[in-house]
Amino acid sequence: MNKLSLATVVASAALVMAVPAHSAEKEFTTKVAIDAWFPDGKVGSKEGAVRDNDVDASQAFSIAFEHPYPILPNVKVRYTPVKADRFEYDQIDYTGYYKLLETDGLQFDVGLTLTQFANGEFNKGGSVNPAQPVNQSFSETALNMYADASMHIPNTNFHIFGQYDFGSSSDTRTMDGQAGVKYILPVDAVDVEFKLGYRVMDHEFGYFEGFDSDQANVMVDGWFGGLSFDF
């Protein structure tokens with residue numbers, strides 16, 4: 001990780017530990033979510049990348065635990081499998097975050113995400129570049145900054161939301177962001193959320209023989225719909 005990225009991460013960690021959430025009265029909660037994602041894929045250098053409808057319809061699963069203790073981070077784990085003709089990987093995000101702001105109208109979380117790329121394979125069958133080594137396997141991790149925000153639309157049950165993970169090192173850059181709208185339906189002790197939005201993964205991998213990070217640029221983006229339960 002370069003010095004600028006490291007300094008940013010350290011400063012962010014210090015900030016989130018120094019600033020407690022505005023609401024310390026919230027009890028323990030668990031949030032379970034599943035998204036159905038319908039992305040397209042693009043791989044190769046930014047100048048010569050080819051967009052193809054070659055990504056299998058994917059899902060994303062997540063579970064989050066929140067508590068009323070301001071010093072300890074809340075935690076979330078998200079799993080997203082990606083499989084395409086030219087590349088595939090299982091992306092697992094381990095996030096620790098703090099609620100910097102939580103009111104009736106606004107919510108803002110910040111933290112850090114450790115992203116694991118497991119069961120990865122790149123240049124399958126020489127589909128990206130047949131002149132380079134094919135079927136290159138990888139299992140790597142990346143450290144990202146995390147932010148999540150939502151805004152309540154007054155006099156409705158609708159909220160606008162956005163989530164963003166970003167990190168970079170000397171040879172690899174990872175970005176995963178999403179934005180959309182959600183409808184929250186309170187049902188007794190459970191809040192049910194219906195989500196619709198757009199998600200973008202834009203990763204520049206520096207792991208492969210014969211490819212620099214620009215040539216190994218992988219973008220996966222598309223619409224998703226989701227359902228979550230907040231206990």
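How many salt bridges does a search of the whole structure find? The search turns up twelve. The model is a predicted one, and the salt bridges are a handy way into it once the overall layout is clear.

The protein is built from one helix and eleven strands. Going along the sequence, the helix comes at the start of the pattern, α-β-β-β-β-β-β-β-β-β-β-β. Of the 231 residues in the protein, 42% are buried. The chain also brings together parts that sit far apart in sequence: among contacts between residues at least 6 apart, 59% join residues at least 24 apart. On the outside, the protein exposes about 11600 Å², and carbon and sulfur atoms supply 62% of that area.

Back to the salt bridges. Side chains of opposite charge can pair when their charged atoms come close. One such pair is Arg 78 and Asp 165, whose closest N and O atoms are 3.7 Å apart. This pair ties together distant parts of the chain, with Arg 78 in strand 4 (residues 74-83) and Asp 165 in strand 8 (residues 158-168), 87 residues apart. Buried or exposed? Both Arg 78 and Asp 165 are buried. The two also belong to a bigger set, as Arg 78, Asp 93, Asp 165, Asp 176 and Arg 199 are linked in a network of salt bridges.

Another salt bridge joins the side chains of Glu 88 and Lys 124, at 2.7 Å from N to O. Here too, distant parts of the chain are linked: Glu 88 is in strand 5 (residues 87-102), while Lys 124 is in the loop between strand 6 (106-122) and strand 7, 36 residues apart. Lys 124 counts as buried because its relative accessibility is 17%, under the 20% cut-off.

Glu 204 and Arg 173 make a further salt bridge through their side chains, 3.1 Å from N to O. Glu 204 lies in strand 10 (residues 190-204) and Arg 173 in strand 9, so this pair, 31 residues apart, again links distant parts of the chain. With a relative accessible area of 14%, Glu 204 is buried.

Strand 9 (residues 173-187) is also home to Ile 184. Why does Ile 184 count as buried? Its relative accessible area is 17%, and buried means under 20%. Leaving aside residues up to four places away in sequence, Ile 184 touches Asn 157, His 159, Asp 191, Val 192 and Glu 193. Ile 184 and Thr 156 are 28 residues apart in sequence, yet their C-alpha atoms are 9.3 Å apart in space.

Leu 143, in strand 7 (residues 136-152), gives another case. Leu 143 is partly exposed, because its relative accessibility is 34%, which falls between the 20% and 50% cut-offs. Leu 143 and Phe 166 are 23 residues apart in sequence and 8.2 Å apart in space, C-alpha to C-alpha.

What about empty space? Rolling a probe the size of a water molecule over the atoms shows where empty space is left. The largest pocket holds about 1100 Å³ of space. This pocket is lined by 44 residues, and those closest to its centre are Lys 31, Gln 107, Lys 182, Glu 193 and Asp 230. Sorted by class, the lining has 14 nonpolar, 14 polar and 16 charged residues. Glu 193, one of the residues closest to the pocket centre, is also among the residues that Ile 184 touches.

Definitions and conventions: Residues numbered from 1 in each chain as written. Predicted model: local features only at pLDDT ≥ 70, side-chain atom pairs only at ≥ 80, totals over all residues. Heavy atoms only, no water. Helix = DSSP H or I, 4+ residues; strand = E, 2+ residues; numbered from the N terminus. Buried < 20%, exposed > 50% of the residue type's maximum accessible area, 1.4 Å probe, protein only. Contact = heavy atoms within 4.5 Å. Areas by Shrake-Rupley, 256 points an atom, 1.4 Å probe, with all protein chains shown as cover. 1 Å grid on protein atoms, 1.4 Å probe; cavity = no way out; pocket = protein on both sides within 12 Å on 5 of 7 lines; lining within 4 Å. Points joined across faces, edges and corners; volume = space filled by probe spheres on them. Nonpolar A, V, L, I, M, F, W, Y, C, P; charged D, E, K, R; others polar. Salt bridge = Lys/Arg side-chain N within 4 Å of Asp/Glu carboxyl O.
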